[in-house]
Amino acid sequence: MSLWKFNYEFDRKRLLQEAISIGWYKPFTDVGNQSNEEFVEWLDKNPHLKKKVSKFYENLRVHVKDVDKCRYALEIAKYFTNLIGAESYPRFYHQKKGYRLSLHTDRGTKCSINLVLTEDPDPMYFENGEQVYYTVGLLNTSEKHAVHATEDRYLFKLSFAETTFEEIKDVLSSKLSG
């Protein structure tokens, strides 16, 4: 399973307003679109580029922890961190209309909880041909996925670097089922 949808009520308009109020985004990208193993191998062969690559990926994200204007986003991040018992890294993403994010895996993230903030979200595509529409979901970021934005798309993402998709799915399914 690549994406597990679940119910979580949140104020989409409020969270979208926080995302828009930041206003400084860099576009989605993925250097070379290699697998994580290929990327690590390339980085091992090019140790002089590690700091530059690390800074590049760091600058791609708008880290919510760094932004004073995102109180609601931080409340949501704290809720899931406490519920799951694992640290998450909250961030906003903006994918401009017409941008095609090709199949890729996320680096440094085992899975993520994604909240799509724009209405009528575009589907997520997976390598096996599956196409999934969702607003709230747990994404296995080690599985190749893509999004082709037909409209501007805002996303609030809680990345988990140390906890697996299955571990978080088990916790959420048991704690949110009631």
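Two strands count as paired if DSSP finds at least two bridges between them. In this predicted model, strand S6 (residues 124-126) and strand S9 (residues 145-148) are joined by three bridges and run antiparallel. Three bridges also join S4 to S9, again antiparallel.

**The open sheet**

S4, S9, S6 and S7 form an open sheet, in that order, with antiparallel pairing. Strand S4 (100-104) and strand S7 (131-132) stand at the edges. Each has a single partner strand, so one side of each is left without a neighbour in the sheet.

Some residue pairs across S9 are listed here.

| Residue | Opposite or bridge partner in S9 |
|---|---|
| Leu101 | Val147 |
| Met124 | Val147 |
| Tyr125 | Ala146 |

**The nonpolar cores**

Nonpolar side chains tend to be buried together in soluble globular proteins. The largest nonpolar core here has 31 residues. Leu15, Ile76, Phe80, Ile113, Leu115 and Leu117 touch the most other members. Two or more residues come from each of helix H1 (12-22), helix H4 (71-84), strand S5 (111-116), strand S8 (136-140), strand S10 (153-160) and helix H5 (165-175). H4 gives the most, with seven residues.

What is Ile76 in contact with, leaving aside its neighbours within four places in sequence? Its contacts are Tyr8, Phe10, Leu15, Leu115, Phe156 and Leu158.

A second, separate core has 10 residues. Among them are Phe126, Val132, Leu139 and Val147. Val147 also has a place in the sheet: Leu101 stands opposite this S9 residue, and so does Met124.

Notes: Residues numbered from 1 in each chain as written. Predicted model: local features only at pLDDT ≥ 70, side-chain atom pairs only at ≥ 80, totals over all residues. Heavy atoms only, no water. Helix = DSSP H or I, 4+ residues; strand = E, 2+ residues; numbered from the N terminus. Core = buried A, V, L, I, M, F, W, Y, C linked by side-chain atoms within 4.5 Å. Buried < 20%, exposed > 50% of the residue type's maximum accessible area, 1.4 Å probe, protein only. Contact = heavy atoms within 4.5 Å.
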